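Colleague: Could you take one part of this model and look at it closely for me? I would like a single connected account, with the cut-offs behind your terms spelled out.

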Amino acid sequence: WITEFVDGTEPGMPAREPVATGRYAERFAGQLVLVTGAGSGIGRATAFSFAEAGARVIAVDRDPQSAARTADLARLVGAPQAWAETVDVADEQAMEKLAEKVATAYGTVDVLVNNAGIGMAGSFLETTTEEWRRTLDVNLWGVIHGCRLFGRQMAERGQGGHIVNTASAAAYQPSRALPAYSTSKAAVLMLSECLRAELAGRGIGVTAVCPGFVNTNITGTARFAGADEAEQERIRRRTSRLYGIRNYPPEKVAEAVLRAVVRNQAVVPVTPEARGARLLSRLAPRA
Ligand code: NAD
């Protein structure tokens, strides 16, 4: 195994957790990998890990600057080619345009990571229709668009491929603080398992990755859209009680993503508390 350390010594490279990606080079070198929500957190770390394994990377984000930065850094850590695309994954037409452009300009995607997501805090009864819609539009419809558009291209090409959807421990762990988010992630988990069954015969794998609490913008700065300071603090305290904040780095989730593709795993609870919650949800009826 070759373990590569990216420690901030390259110009412009932020300090990162060491990840063992060299061992995946044989599998991913030259492959075309598209990651949504690649401008930050888990998506950016995942783009870097594929880049380190020699893949060609398409970094997609609704924020053009952060997508461009991810693509620049991906080249720096080993991607032979990396591109940035600005798209809101919830926008079906924009996603259709993206799929057409990718097919024409870059080729058929070998690995698709539907990772873009947002967190909306608030109790079930207080969450507005607008908040429910936006959460489901991004977290659920964004994944459906990606799976359908790029899944069809993979199926038509007939050379296999892999789709990874970022769900969450929230998919099987009920939460009073994040009902819309948890509902959207439960749907992502189920659609991934349905699609996996459908595509199995065509050599296309589908994985739902379920992280618990990971240190990113969504949680690290508790930037839950719609939550005021007091609410953010409540969520932080509740989440740490539920899961125990372990400062889990996004690079480790990225590593789990690459491993899941190599092993063709169906559902991957990444962090220790996510593994515990998954086990409990299968053993015991929910209170
Ligand atoms: P993050 O906020 O650091 O990154 C999310 C990225 O997605 C951002 O760059 C954002 O601009 C982009 N994005 C958001 N909405 C988009 C849209 N409509 N179209 C395109 N891009 C969009 O958060 P993160 O923690 O890295 O989250 C990544 C994924 O992991 C999300 O699906 C999230 O729900 C999931 N997740 C995170 C945690 C955690 O604890 N951080 C736990 C479980 C699951």
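Modeller: Among contacts in the protein chain with a separation of 6 or more, 72% join residues 24 or more positions apart, where a contact means that two C-beta atoms, placed from the backbone, lie within 7 Å. What you are looking at is a predicted model, in which local features need pLDDT of at least 70 and side-chain atom pairs count only at pLDDT 80 or more, whereas totals for chains, interfaces and linings use all residues. Residues are numbered from 1 along each chain as its sequence is written.

The protein chain has 10 helices and seven strands; these are DSSP runs numbered from the N terminus, with helices being H or I over at least four residues and strands being E over at least two. Of its 287 residues, 51% count as buried, a term that asks for 20 or more other C-beta atoms within 10 Å of a residue's own, while exposed means 12 or fewer and partly exposed lies in between, all with C-beta atoms placed from the backbone.

The part I have chosen is the sheet. Its seven strands form an open sheet with parallel pairing, in the order β3-β2-β1-β4-β5-β6-β7, and two strands are said to pair if DSSP finds at least two bridges between them. At the edges stand β3 (82–86) and β7 (267–269), each of which pairs on one side only. Direction ignored, neighbouring strands of this sheet are turned by 15° against each other on average; here axes are lines fitted to C-alpha atoms, for helices over the stretch in contact, and angles run from 0 to 180 degrees between N-to-C directions. Helix α4 (residues 92–106) packs on the sheet, where it touches β1 (32–36), β2 (56–61) and β3, and its direction makes about 160° with that of β2.

Let us turn to β4. Strand β4 (residues 111–114) is paired in the parallel sense with β1 over three bridges and with β5 (residues 161–166) over four bridges. Residue by residue, V113 in β4 has V35 opposite and V164 of β5 as a bridge partner, while V111 stands opposite H162 in β5. V111 and V113 point one way from β4, L112 and N114 point the other way, and all are buried. β4, α5 and β5 together make a right-handed β-α-β unit, right-handed meaning that, with the strands pointing away from the viewer, the path from the first strand over the helix to the second runs clockwise.

Next comes β6. Six bridges join β5 to β6 in parallel, with G161 opposite I204 in β6. From β5 the chain crosses through helix α6 (residues 179–199) to β6, and this β-α-β crossover is right-handed. Both faces of β6 are covered, with I204, V206, A208 and C210 on one side and G205, T207 and V209 on the other, all of them buried. Three bridges then join β6 to β7, which also run parallel, and C210 has P269 of β7 as its bridge partner. Helix α9 (residues 250–263) lies across β4, β5, β6 (204–210) and β7, and runs at about 155° to β6.

Back on helix α4, two residues show what lies on the far side of a long sequence gap. Q93 is placed in this helix and counts as exposed because it has 8 C-beta neighbours inside 10 Å; its C-alpha atom is 9.5 Å from that of H145, 52 residues apart along the chain. E96 lies in helix α4 as well and is partly exposed because 13 other C-beta atoms lie within 10 Å, and its C-alpha atom is 6.9 Å from that of L149, 53 residues apart in sequence.

Lastly, the ligand. It is surrounded by 30 residues, the closest being G37, S40, G41, G117 and T216; a residue is near the molecule if its C-beta atom, placed from the backbone, lies within 6 Å of it. At least two residues of this shell come from each of α2 (41–52), α5 (129–157) and α7 (217–220). The shell divides into 11 nonpolar, 15 polar and four charged residues, with Ala, Val, Leu, Ile, Met, Phe, Trp, Tyr, Cys and Pro counted as nonpolar, Asp, Glu, Lys and Arg as charged, and the others, Gly among them, as polar.
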